[in-house]
Structure formats: structure tokens, C-alpha cells
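Okay, everyone, thanks for making room for me on the agenda. I'd like to walk you through how two chains meet; have a look at the structure first.

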Amino acid sequence: MLREYLTVESVSGPLVVVGKTENIKYAELVEVEFSDGAVRRGKVLEISEDKALVQMFEGTLGLDVAGSKVRFLGRTQELAVSPDLVGRIFDGAGRPADKGPDIIAAKRLDINGNPINPSSRAYPSEFIQTGVSTIDGMNPLVRGQKLPIFSAAGLPHARLAAQIARQAKVLGKNEAFAVVFAAMGITFEESDFFIRGFRDTGAIERSTLFINLANDPAIERISTPRLALTCAEYLAFDLDMHVLVILVDMTFYCESLREISAARKEIPGRRGYPGYLYTDLATLYERAGRIKGKPGSITLLPVLTMPEDDKTHPIPDLTGYITEGQIILSRELHRKGIYPPVDVLPSLSRLKDKGIGSQKTREDHSDVLNQLFACYAKGKEARELAVILGEAALSDLDKLYLKFASNFEDSFVRQEESEERSIEETLGIGWSLLREIPRQELKRIREDYLNRYYAVE
Amino acid sequence: MMTKQPNIIKVSGPLVVAKHCQGAKMYDMVRVSDKRLIGEILELKGELAYIQVYEETSGIGPGEPVYLTNEPLSVELGPGLASSIYDGIQRPLNLLRDKSGDFISRGLDVAGLDHQRKWHFYPALKAGEQVNPGDIVGTVDETPLIKHKIMVPLGVSGEIVEIKEGDFNVTESVARIKHDAKIKDITMLQRWPVRKERPVKEKFAPLEPLTTGQRVIDTFFPIAKGGTACIPGPFGAGKTVTMHEVAKWSDAQIIVYVACGERGNECADLLLSFPELKDPRTGRPLLERTVIVANTSNMPVAAREASIYTGITIAEYFRDMGYSVAVMADSTSRWAEALREMSGRLEEMPGEEGYPAYLSSRIAEFYERAGKVTCLGKDSRSGALSIMGAVSPPGGDISDPVVQATLRVVKVFWGLDDKLANSRHFPAINWLLSYSLYHNNLRDFLKDNICEEFIVLKREAMRLLEEEASLLEIARLVGIESLSFEDRLVLEVAKSIREDFLHQNAFHEVDTYTSLKKQYLMLKVVMLYYALSKAKLKEGVDFEKIVGLVVREKISRLKYIPEGNLGEFIKIEEELRKSYA
């Protein structure tokens, strides 16, 4: 049943109040026909007996109170899915943007999805080799994990994300693999970099892209990641594919959320972001995972830029509380000309322990990882000390650690954008660095691994 | 006059307003629309009821009916709780999965306990005996670890006229009690409103430690059975790993783990690892003594608010049987945020950081449900309920209102430190920041069960750690070379305490759990090294020689000595004494 109203009462920012409504449902999809004939979409945000508050997805430019028609569609926002999604490019609202035909729906899915039952989840445990030492060696990524990249303005997060998308593979397996890429509010150049990257490597054949650029309506960004994740869920759990979802840039998404919250005159939480930012982000991030008995998986790699490089800003902060670790990029390393500038110490992968070890990577991986962390931390401490006291004042051991830190950054962290290191190579570099440290200092490594790897060149 | 069917007039996210709700009471459960979504009344204005709905409300609109149940949000208590995994409103997750598949859909109605399953009931009393609330009428072997005691519910007393042994389900009568000429059936099932504390006879001070197998906790910042602790820290500092470790190894008889608004994969880890992990004391799977309430962050926010109460009510019920119960709430910040979200939608005046003004009283009420108690019932059995709450303050900033309100009521503070976590020192509990107010309470227990010397060693070790902090400060300014050898020895020993004692690897098969006895022995060796070295230093032995002793390598591996091989410590002690010669 189509219901059309001519009773727009007020418009404020992205919000439209429609009066004299009847039998409207919460979260229902709405089409508004402007007096110039343009049709824009929105959804019901709040309803009372005779009024509906509608949030427009694509802005309200040109909307007038008198001449607009509002149609309530009686369904929530849906994405038409079919295997043809792979290899296509859509705009931020899910319309084809590659001059291709519309998707003929095998199924229509509500873009909000339903939460995965925790008892249906399988614990992520398959190591993904990204070919990047700082990730594979120190913060390993596993299938079904959500691992964000915390970046800041001017840092090469796009290059790193593209490199991961290009190189990610599970050792010894050759399975259906897809990339779903959602851009929210990024510039044309940045998005073009990704699209070109996908085209050049042929990866576009197994990718689905949802692109909302900086000059597209900000409100549309609210649905972009949901479309991408709905698409990913379909590919992973209906078509049994392994899906890597990249969301760039979550900061713009959160800002759109704040915009709507402010327009609704809600009580703001920290820095003006709505109090439900955590819940809202969780409904996105938590859609990653694996399900018992299903071969597919969703691995999520959101990218966000920290305002003022501040990790305690609500967006990185709440993200860190939801995701299973984080990869933090460092301006200091970037300035030293080190790519990828991954700040190893505050970075973390929470799910690494089940994904590494014998038969997955190598039996000594976990110990080596812990020892490298500890040594690098000591080295950085020594470096701070050297700044204050001068290098001469350091003890011999501290000098060793100081050297270790520099070597670590130079040979372990640094690698080429096209360089794909196997996990064996990464661990090999790790051991060659550890050999510079006296054996009794390596307390985090078990005896037999020391016997096996420390002595041999 | 016919009363009108209550119906919806407004929907805003999880908040629904309904009219014609005469007779509804605060915190009553309701069913919203014909999809029968579960909700709870939060506010009443005349005949309007403000309802928080525990499920997604999309597709709900004005005019749809609301069904009152005239009963507050309650949990079902009885055999079958142990090993269960519930969502925030006590729906078993495995049954939800059977009904709706891998994704949770809406309006599912599942009882908390299996009403069909038969349990063998052993009577503990005979016909003709007088009973009062809390008296145990019989038992059920719920799991090999838990003897479930069937208690006379509140408000029932009188003479038993009939009681029988046999196989019953939880709704069948196992005993009949005569009271004022009326006969009342006793079943194994009780219902209890979650927001109401279960009564006890008496509360008293907790005097026994709740050992957790974590050295930094048990030795330096212990919690008592019946005590409260909180563990605040920024993300990545290891809150959840610490909570999981405590849940695995603590010597409580029942563990209730509330995963409140946390990660789905972490819940999965809990759900998958607990059936496999063995209790170090009994050798049985840990899940047999565990109840899990899992409401992940993407599940409806209102149910998250309820999950904490669901968990604590189940815990109180086991405590009433005379068990020592530990509740882990991870994380209370998510619960507070759920409160804030609902408060915002109710358009209440906000307090600090947008949290409602009643935040701190709600937190205090929650922690106050802990305690060492004498339970109701004529055998005066005692039970203990300990609460450990993780707090996730924004940016790790402990001036956050949730942390501050929590610190006002809890007795133990395990302060997690970003810096320690970054250098992979786990558990990243900062020894200078943390505190426990139970040291004095636990003195006698340690004296009687471990050794009086332990208390002295603990104090001495703590002093060294304090001293280390100030010495490092000086060393940073003037260089380590300018410190005296005594001071440098303090630094060496403090480093050894940190690295060889406090640092504990949760993923190492031996290191993950350390008994109190072994903790004592470990600390004894480390402190012996200090005492001997200090004396030798005075005698003029070279500092470099003392620091370079070969036996120190053994000290650094004390943690890997298995629990069954504690005799090893005596050998190492001897070796240490000899090595100065």
C-alpha cells in the first residue's frame, strides 16, 4: 500500500516533519518528491500519533514545505543482493555508479541486519598473511577479526589499506575471496587511488565498491557502511566467500551521525557526539566475524583519522573499545621516512593468540613477538633517556637496546609498498635483531626455541 | 465500562510510549505490538507508559497494541542454570539459535530454564517438619560440580505434608506445605524480579581471600570472598583478559560472567573455551560451575541495561544456597552508557557527561549486593557474593563519572596501565596506582594457611617497588652510575619482582595459574636474593658479581615450575645461598 502525503510541516537540516500521518512504522523508508520533480529518500526517525519525523539521506536542498510529496514505502531500507554484486561500483546510497545495469535481486536484505547470536560465532583462528611485517609479526590479523587502522591527516593509511587488500591471503589455501570497499566522505583523489589500485591489479573483478565522496550528501554516509556490510554478509554467509571489508573513513561517518543528532536536538555526549555513538559503531563493527558451520567470513578493516592525532578522541576511543585491537600509525616514523609507519607499541591484535603458533605460523611466533615488543619498548625508553642524559650516560645494556630500536625500525618496520614478506621472512628478521641482545636478557622466549633459533645464523 | 486496550502513540528508537495503560506499575514487563517485543515500563505519566523495548523497534508504529503482563522483569531460578548461556533478559542463546538461526530475530519467547527436563530430586526433610523461607527441602545434582539446593521460597512457611524423591521437571510439585489450612506446592522453580535484592539473614565482614591464581592480585591487591573490586583501564590494557583469567582460576564455587555490551568474538572465546578448560581443583570442565550472560554490543541496548541485574540475581540465588559466588561484569561502562541512552530518550535532565543524575546511586546499589552473608534458613549456612566490575573509561581517564562513582563503593582497585600494556607487561595492573582495603581482613587467613612471613615479604616487596619509582626518577636526572650500590641493588631486585614475579603470561600453560603457596615461595626466593645480596654488598663483595649470579636465570624461571613440583624451590634456595661463596 502506497501512502502519499502533502503535509510537510517543517524542514530543518536533514530532518523533515510530516503531519497528519497514519499507520506509519518506525524506521520505514520514505521517498520525497520535491516540487521540481526530484525524488530523494529518507527514513522515519520518530513517530507519534499524527506526526512522523523523517531523516533525509541525500540532503534537503530545494525542498519546500508546500509542494513536496512524501511517500511512505512500508519497508525498511534494503539492498538488492545477487552474486552479480561482485565487480561492481555503487554510490553511497547503493545505486550503480559504473554505468552498469541495476542489480536483479536474488534477495532483498534489510541493511541494518540482525546481530549474530554469540553462541553461533566461531572463534576467528585462521592467520591472514598480509605480507606486512609489523602486522603479521607483531599484530597478526585473523579471519573474522575487526582491526582498525588509526591514522591521522597526512599519513599513508590509504596506501597501507590498499597494500593489505592486495596481499592478504590465508597460508596454503585458495578459496573464494572478495573485497568490499566502502568510502565515506573521502576525496575524489583518495577514492581514485583505491579504484585505480583495484583496477591495475585486477582485484576489481572480486571487489564491490560503495563510494560516497566528500561532496556527496553527508547524510547518505549513514547508510554507506551498512550497505557494504549487508553486501559482505550476503557474500560471506550465503555465498561462502571470505570477505575483507574496508571502511574509509569512519571519522566522516561519525561526523554525519553527530550532524543528525544535533539536528534532532539530542543531549550531546563527549565533544558533541551523540551518547549512542558506541552502540551505533558496535552495530557496524560487530557484523564482522565467522559463524559455526559456515565456511565464509567477514574481516573488517575500518580506517579512521584521529583528529589532532589524539587517541582519546571519542571516535578512536570508542572504536578501540569495540574492535579487536588497532593498528596505529605514527607521525614520527613517517617523518623519518619509514613506510609503513606502524607504531608497534600501542598497536595490538587481540585475537592473535589463537591464530599463531605451530601449524598456523610457526611455534616460536608468540614468544618472538612478545620479546620483540619488550626489547623495542626498552630501546625506546633508552632513547628517551639518551635525549636527556646523553648517550654516554647509558649502561652498556641500554646502548644495545638503543641500537636494537633503531635497527628494528629500519629493517623490521620498514618495507617497500610492493614488498610481500612471508611470515618466515618476518620471523627471520626478528631473530636476526634479537641475536644482538644477550641471551639471558631474552626472558620471554622459551629455552627450546632459544636453542633452536638463537644460535643458528 | 470496558477498559481500553493499551496502544502505542510514539516510537523513538528503543523508547515506545503507550496510552491507556491504567493499572500498569513501574518496571512491569510488557509485550509491544503483535510481534510481541519484550519491554519494560520506565516511567508512568497518568495513563501514559514509557516503555524501553529490549529489541529492535523498526516496523513498529502508533496504533499497535501493547500487552501488559503486570509482572516485573524476572528471572527463572532453579536447576538448569549452571552451564547456561543467556542473553541480557535470560533467554538461552542456544535455544534462540535453534529458533531463529545464526542471527537473532525479534519477539522470540524462550523460558530461562528447560521446563521439560527431568531432574532427580533428593529430599532433605521429611513430612511433618516445619519449614520457613530459605530452608533446604532437598537437592538436585545439577552438574558434577554443583549440588543444587531447593529452597523454600519467600513468603511460604508451615508444615510439610508431603515430600517425595523422584524425577521431576521444574514446574512439578516436589513437596506440599500446609500453611493456615492452605496447602502450597513447592516446585524447583522460583521467579524473582531482577531489580530487587534477594534477602539474607545477616551480612558480615569478609575474612577469606578469593584467590585468583594471578600473582599481582593475590599477593599485592587481594579481594576477599564477598568483596568488591573494579578494574578500570583504557582499551587494550587487558581488562578482558584479566577478567577471563579470574573467571577461569578463582576459587569461587560458582562464576557468573556478565559480558555486557562487549565484543561478540570475545563472548565466543568464552563460550568455546569454558567447556574445554578444566577447573584446577576438581578437574571438571569450568563451564559446569559457570553461568554466562552475554549481551554483546550490537544486541539491543535496553537488554544490556538489564543484563547486569539478570547476572547478579542468578548469583544471589546460588549464594543463598551457601555457595561462594563471583560475578564478573565486563563492562559496567557499557551498562552505564545504556542508562545514559535511555535517560536521554526520556528527556531527563543530564548530570555529568550526559549520564543521568542517579548514575552513582545505581552503581552503589549494584555493588552493595555483594557480601559475605548468613543465608535465610535454619541451618544458618553462609554464602559469599563477590563482584568484580571492569570499567572502560573514555581515553582511560579515571576522572570519568563511572569510574569515580565505582571507586566510591568498591574496596579493591586494580588500575590498568597503558604503558605496562605497551611493553607487554601483563597483567598490566599498575602496582603504584592500585590498592586493596582487604589486607587487614585477610591477615589471619594468611597466617593460618600460608605463613606469617608472607605478610612481611609482601610489605617489603611493595616497599622496594615504591623505592624503585623514586630511584628511577633520580637516575633519570643524574644517571644510574651516580647511585650507590645499595640503591642499584634495590633497582635490580625491583626489576626482578616486576619481571619474575608480577609479570604473568596468561597463555602459558603453567604460568597462567599460581597457587597462593607457590606465590609465597616465589616471593621468598626473590626476597632472599635481596637479603643475601644486601649483606654481601656490605661485606664488600663486588656489585657486578652479585648482579651477574648465574642462579638469577633460575629465579627468572621460577614461574614455570609446575604446581606439583614445589619441592624445587628448596633446591633453588639452597643453590642461591651457595652461589655467593
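One bit of vocabulary before the counts: when I say contact, I'm talking about heavy atoms within 4.5 Å. And keep in mind that this is a predicted model.

So, how many residues does each chain put into the contact? Chain A brings 75 residues, and chain B brings 78 residues. Between them, about 6500 Å² gets buried, with 52% of that coming from carbon and sulfur atoms. On the chain B side, the top three residues are F235(B), N265(B) and R424(B): no other three supply more, and together they give 13% of the area that chain B buries against chain A.

Now the polar side of things. Across the interface of chain B and chain A there are 31 residue pairs in polar contact, both partners at pLDDT 80 or more. Which element of chain B gives the largest share of the side touching chain A? That's helix α4 of chain B, residues 264-273, with 8 residues. If you sort that whole side of chain B by type, you get 28 charged, 26 polar and 24 nonpolar residues.

With the charged ones in mind, the salt bridge count between the two chains is 12. One to click on is K378(A) with E499(B), where the side chains come to 3.7 Å, N to O.

Last stop, the strands. Strand β5 of chain A, residues 39-48, pairs with strand β1 of chain B, residues 7-12. The sense is antiparallel, over 2 bridges. If you zoom in there, you'll find I47(A) standing opposite V11(B).

That's my tour; over to you.

Note on methods: Residues numbered from 1 in each chain as written. Chains lettered and ligands numbered in written order. Predicted model: local features only at pLDDT ≥ 70, side-chain atom pairs only at ≥ 80, totals over all residues. Heavy atoms only, no water. Buried area = accessible area lost by both parts, 1.4 Å probe. Salt bridge = Lys/Arg side-chain N within 4 Å of Asp/Glu carboxyl O. Polar contact = N/O pair within 3.5 Å; in protein donor to acceptor, adjacent residues only side chain to side chain. Helix = DSSP H or I, 4+ residues; strand = E, 2+ residues; numbered from the N terminus. Nonpolar A, V, L, I, M, F, W, Y, C, P; charged D, E, K, R; others polar. Pairing = 2+ DSSP bridges.
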